[in-house]
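Me: I am new to this structure. Please show it to me, and then I will ask about it.

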Amino acid sequence: MANYSTNEFKQGLKVLLEGDPCSIVENEFVKPGKGQAFNRVKLKNLMTGRVWERTFKSGESLEGADVMDTDMEYLYNDGEFWHFMATDGSFEQHAADAKAVGDTVKWLKEQESYVVTLFNGAPIAITPPNHIDLLVAQTDPGLKGDTAQGGSKPATMASGAVVQVPLFIEEGETLKIDTRTGKYISRA
Amino acid sequence: MDLSERIALQARTKAQIRAFFDARNVTEVTVPSVMPAPVTDPYIEVPRAIGPDGAHLGYLQSSPEYAMKRLLAQGSGDIFTITPAWRIDEVGPRHRTEFTLLEYYRVGFTGAQLRDEVSQLMQTLLDCPSATQISYRDAFIRELGWCPFEAADAVVFETLRQQLNYTGEISRTGALQWLCACCVEPQLGHQAPCFLTHYPAEQAALARHLEHQGQACADRFELFYRGVELGNGYWELTDPDEQRARFEADLAQRALEGSPQVPIDEALLTSLVELPECSGIALGLDRIWMLAAEADELSQVSLF
């Protein structure tokens, strides 16, 4: 991969730091009145999700990281790995481990499309769609005639996520959920 | 701000500056942009002017200082200029490759006298209270809890690690400059413009040395308003031998860093013999416009 100098650090650029692929979040140039310029850089470690703050002398460089976001459909779980297939017509398949799937496991639904982040060709992160339709697997019975009032109850979705839903929701219904906030949006 | 407001702001400021100096008998001069030598400062690079046949024509100036000092040495008396200046590799919300400097010199003034006058100029341009000042030493003690002259190296580098997460190679002076830029300067000048004064002698550049609070200092000062650096001034060094030694130290540092070697401005060194006692300051006019407009970035007030 190419090397990138601090003046090429742009938001979203993928670089290697201490062996881990990182995405540049912020890059601030600082020039003391007299003295060497430097860059204060925020980088998101794509393996851990943690944000690192580092300082580099201006002109220093980092190696680019071979990181690609690819749309893939979730196929199945074999007990150890979660299998995905590219939706670009190549039918290329990738197996993601528990570390790569992380919290997204609770939003996994067969035949749904996810963004799989590949580092050197292997999945390191799975991002669910912002909105997803999921079946209610379990919730306490709904209260008749309480369709307008507020109030909510927990419901376990077929994918495993537990979501607060309005009291009138019944088991077997399909709901639209926002995966970023984990909140109920509407009936699907 | 739309374009016509920007044009009006810039024109008004320049008219105020000219009236301010006219009232004090400081004469406006125009100096060349392309000169045979650039600054030797190891961390300032400038563009070069190249002819159509590739011939090197000279260096675009990072400041009109050398040219103005040659005029002062020839008896120009008090002078000011409003001029474009250039620096390579300095691009950001408050940095541009080409920018505008207001630079001026007062014959017979000490640094303290010049600071008083600059304070009046700022009140005229920015409608602000009169300037305060704090020494480099006291500002470090206030913001970081230790004295930049006396703290052990271990304290300086540990603070750099904590504040900036930097553990690479850097000199003590470099570490102080970075900490000053990130931890000290942003706190300066929030009520009124503030001069940071009495820099360590190693950061003198073209200022004379003096002792202050028992430490070897430079009579160099920077001006900050609302955390933004607006200018850099000196009680000017007039000793050509000392100046040559500093230029040569700069070139040695450039060699160490693998930066380009540049010619020393011999015409300046020759003229320093005749340079009268004086103080001078360079003020970033683009940043003054930015603050006058209560903007955060140069792009909000620039014409291009």
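**Pocket, interface and cavities**

Reply: By class, the lining of the second largest pocket has 9 nonpolar, 8 polar and 6 charged residues. Here Ala, Val, Leu, Ile, Met, Phe, Trp, Tyr, Cys and Pro count as nonpolar, Asp, Glu, Lys and Arg as charged, and the others, Gly among them, as polar. A pocket is an open set of points on a 1 Å grid over the protein atoms alone, with protein on both sides within 12 Å along at least five of seven lines, and lining residues have an atom within 4 Å of a point. This is a predicted model, in which local features need pLDDT of at least 70, side-chain atom pairs count only at pLDDT 80 or more, and totals for chains, interfaces and linings use all residues. Residues are numbered from 1 along each chain as its sequence is written, chains are lettered from A in the order in which they are written, and side-chain values use heavy atoms, without hydrogens and water.

Me: Which strand gives the largest share of the lining of the second largest pocket?
Reply: Helix 1 (98-101) and strand 11 (122-127) of chain A each supply at least two residues of this lining; helices (H or I, at least four residues) and strands (E, at least two) are DSSP runs, numbered from the N terminus. The largest share, 4 residues, comes from strand 11 of chain A.

Me: How many residues does each chain bring to the contact?
Reply: Contact means heavy atoms within 4.5 Å. The contact takes 18 residues from chain A and, from chain B, 23 residues.

Me: Which strand of chain A gives the most to the side that touches chain B?
Reply: Strand 3 (20-30), strand 4 (38-45) and strand 5 (51-57) of chain A each supply at least two residues of that side. The most, 5 residues, comes from strand 5 of chain A.

Me: How many salt bridges does the rule find across the interface of chain A and chain B?
Reply: A salt bridge needs a side-chain nitrogen of Lys or Arg within 4 Å of a carboxyl oxygen of Asp or Glu. Across this interface the count of salt bridges is 0.

Me: What residues line the largest cavity?
Reply: A cavity is a set of grid points where a 1.4 Å probe fits but cannot get out. From chain B, helix 6 (172-184) and strand 12 (220-225) each supply at least two lining residues. The full lining is A:Pro32, A:Gly33, A:Lys34, B:Gln177, B:Cys180, B:Glu185, B:Tyr199, B:Gln203, B:Arg220 and B:Glu222.
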